[in-house]
Amino acid sequence: MVGLFKCRICGFAYKEKSWAEKCKNYCRTHNACSLEITKHAVTREPH
Ligand SMILES: [Zn+2]
């Protein structure tokens with residue numbers, strides 16, 4: 001998908017780069033996703 005910023009760890013994709021960064025940081029730190037962050041995701045691509 002073009003124009004989306006993807007969290008490499010969980011695979012959720014965001015329109016905003018800042019959300020993808022937050023997600024990546026959260027995933028890396030907690031080894032899990034934050035619902036507060038992933039609710040901003042537009043799609044989730046398979047791993
Ligand atoms: Zn993530």
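This report walks through the fold, core and a few individual residues of a predicted model.

## Overall layout and confidence

The protein has two helices and three strands. Reading from the N terminus, they come in the order β-β-α-α-β. Of the 47 residues, 21% count as buried. Sequence-distant contacts get a fair hearing here too: taking contacts between residues at least 6 apart in sequence, 38% join residues at least 24 apart.

On confidence, the mean pLDDT is 91, and 89% of the residues reach 70 or more. Broken down by element, H1 has the highest mean pLDDT at 97, while E3 has the lowest at 84. As a general caution, where pLDDT is low, the predicted coordinates should not be read in detail.

## The sheet

The three strands make an open sheet, ordered E1-E2-E3, with antiparallel pairing. Strand E1 (5-6) and strand E3 (43-44) sit at the edges, each pairing on one side only. In general, strands of a sheet pair through backbone hydrogen bonds, either parallel or antiparallel.

Now for the E2 and E3 pairing. Strand E2 spans residues 12-14 and pairs with E3 in the antiparallel sense over two bridges. If you want a specific pair to look at, go to alanine 13: its bridge partner in E3 is threonine 43.

## Helix H1 and the core

Helix H1 covers residues 17-30 and lies across E1 and E2, running at about 150 degrees to E2.

The largest nonpolar core has 10 residues: Cys7, Cys10, Phe12, Tyr14, Trp19, Ala20, Cys23, Cys27, Ile37 and Ala41. E2 and H1 each supply at least two residues of this core. The largest share, four residues, comes from H1.

Tyrosine 14 is a handy place to start exploring that core. Setting aside neighbours within four places in sequence, tyrosine 14 is in contact with Leu4, Phe5, Trp19, Ala20, Cys23, His40, Ala41 and Val42.

## Histidine 40

One of those tyrosine 14 contacts, histidine 40, lies in the loop between H2 and E3. Not counting residues up to four places away in sequence, histidine 40 touches Tyr14 and Trp19. Its C-alpha atom is separated by 9.9 Å from that of cysteine 23, with the two residues 17 apart along the chain.

Is histidine 40 buried or exposed? Neither label quite fits: histidine 40 is partly exposed because 15 other C-beta atoms lie within 10 Å, and that class falls between the cut-offs of 20 or more for buried and 12 or fewer for exposed.

## Two exposed loop residues

Arginine 8 lies in the loop between E1 and E2. This residue counts as exposed because it has 11 other C-beta atoms within 10 Å, and the exposed class takes in 12 or fewer. Arginine 8 and glutamate 21 are 13 residues apart in sequence, and their C-alpha atoms are 9.9 Å apart in space.

Where does asparagine 31 sit? You'll find it in the loop between H1 and helix H2 (35-38). Asparagine 31 has 9 C-beta neighbours inside 10 Å, so it counts as exposed. The backbone is worth a glance as well: asparagine 31 has a positive phi of about 60 degrees although it is not a glycine.

How values were computed:
Residues numbered from 1 in each chain as written. Predicted model: local features only at pLDDT ≥ 70, side-chain atom pairs only at ≥ 80, totals over all residues. Pairing = 2+ DSSP bridges. Contact = placed C-beta atoms within 7 Å. Axes fitted to C-alpha atoms, helices over the stretch in contact; angles between N-to-C directions. Core = buried A, V, L, I, M, F, W, Y, C linked by C-beta atoms within 7 Å. pLDDT = per-residue confidence, 0-100.
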